[in-house]
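Dear colleague,

Please find the structure below, handed over for your records. My findings follow directly after it.

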Amino acid sequence: MIIFYDKQTRDVIGVFEGRVHSDDQLKAWVGDRDHTNRIVIQWKPVMVVVYINGRSFDASWTEWQEWLAKEEQKPIASQRAYKILNIIYEPEYHDKELANKLDQNPTLAYSYKVNPETLALEPKDGIQ
Amino acid sequence: MKISQPGYNVKTADPQNLVFSSAFATMNIALQGTAARTQNGGSYTFTIAHGLAFTPFALVYYNTSVYSTAWVFAPTAGLINNSNGDQTQIDSSDIRMDATNLNVIASFNNGVSETITIRYYIFNVSI
């Protein structure tokens, strides 16, 4: 999700929906670039569930990348086959609970103002 | 690569019975989102720089805090808000797309502070 806000009023003026934004989407903008700024909330993989040799395993994304790197060093015939069953993503934002709520209901962002120094979303008008 | 609809043999299905075929261009969404503006009367231009290197096809809906929370497909005839005939509207000439921006011009009702929210879907298909 990318949240655009007015630098002067700190009001949220636009939202791009989604969890993982492409380079094209990161080039996009809402409003006048001189008077607006944005918060980019990318979601990153943190855990993976994989199936190897008849068993399923949970692993952190880092452990999984390390395991893949080692497997790929082996001759192809020796590399173990695997199937990814699930990948768990989490938002890269200090308030993960809020980021999850916004992911479910993006228009909720308009109930917040942005603190431009911390990029935190603060409820406006006492809305919780 | 092809995926057929349930009940159809993927090897023999006609194109209209496919869910997906790599032989045909797919109209997937490049960007979707919302933008909101609050003001009393007058008009406002929402500008969305889409970041694509071509002029894409788009769909736009909007709603207004004064008239209706339902999403109305834009362009549309005006939503009349009061006995003076003041309207909230996004007309056919008010949605403009080029290789840089989607511009949507919204006209606000006079006499009351109103929030117009637009919802847009910008596709990976060139006009």
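The notes below cover the conventions, the cavity, a surface patch and chain B.

This is a predicted model, in which local features need pLDDT of at least 70 and side-chain atom pairs count only at pLDDT 80 or more, while totals for chains, interfaces and linings use all residues. Residues are numbered from 1 along each chain as its sequence is written, chains are lettered from A and ligands numbered from 1 in the order in which they are written, and side-chain values use heavy atoms, with hydrogens and water left out.

A cavity is a set of points, on a 1 Å grid over the protein atoms alone, where a 1.4 Å probe fits but cannot get out; lining residues have an atom within 4 Å of a point. Grid points are joined across faces, edges and corners, and a volume is the space filled by probe spheres set on the points. The count is one cavity of 30 Å³ or more, and the largest cavity has a volume of about 50 Å³. Its lining includes A:Ile13, A:Val30 and B:Phe46. Strand 4 of chain B gives the most to this lining, with four residues (strands are DSSP runs of E, at least two residues, numbered from the N terminus).

On the surface, A:Val46, A:Met47 and A:Ile88 make a nonpolar patch of about 200 Å² (residues with over 30% relative accessible area and no salt bridge, nonpolar side chains joined within 5 Å; areas by the Shrake-Rupley method with a 1.4 Å probe, only the protein chains shown counting as cover; a salt bridge being a Lys or Arg side-chain nitrogen within 4 Å of an Asp or Glu carboxyl oxygen). A:Met47 lies in strand 5 (residues 43-52) of chain A.

Chain B has eleven strands and zero helices (helices being DSSP runs of H or I, at least four residues).

Yours sincerely

Methods:
1 Å grid on protein atoms, 1.4 Å probe; cavity = no way out; pocket = protein on both sides within 12 Å on 5 of 7 lines; lining within 4 Å. Patch = residues over 30% accessible without salt bridge, like charges linked within 9 Å, V, L, I, M, F, W, Y side chains within 5 Å.
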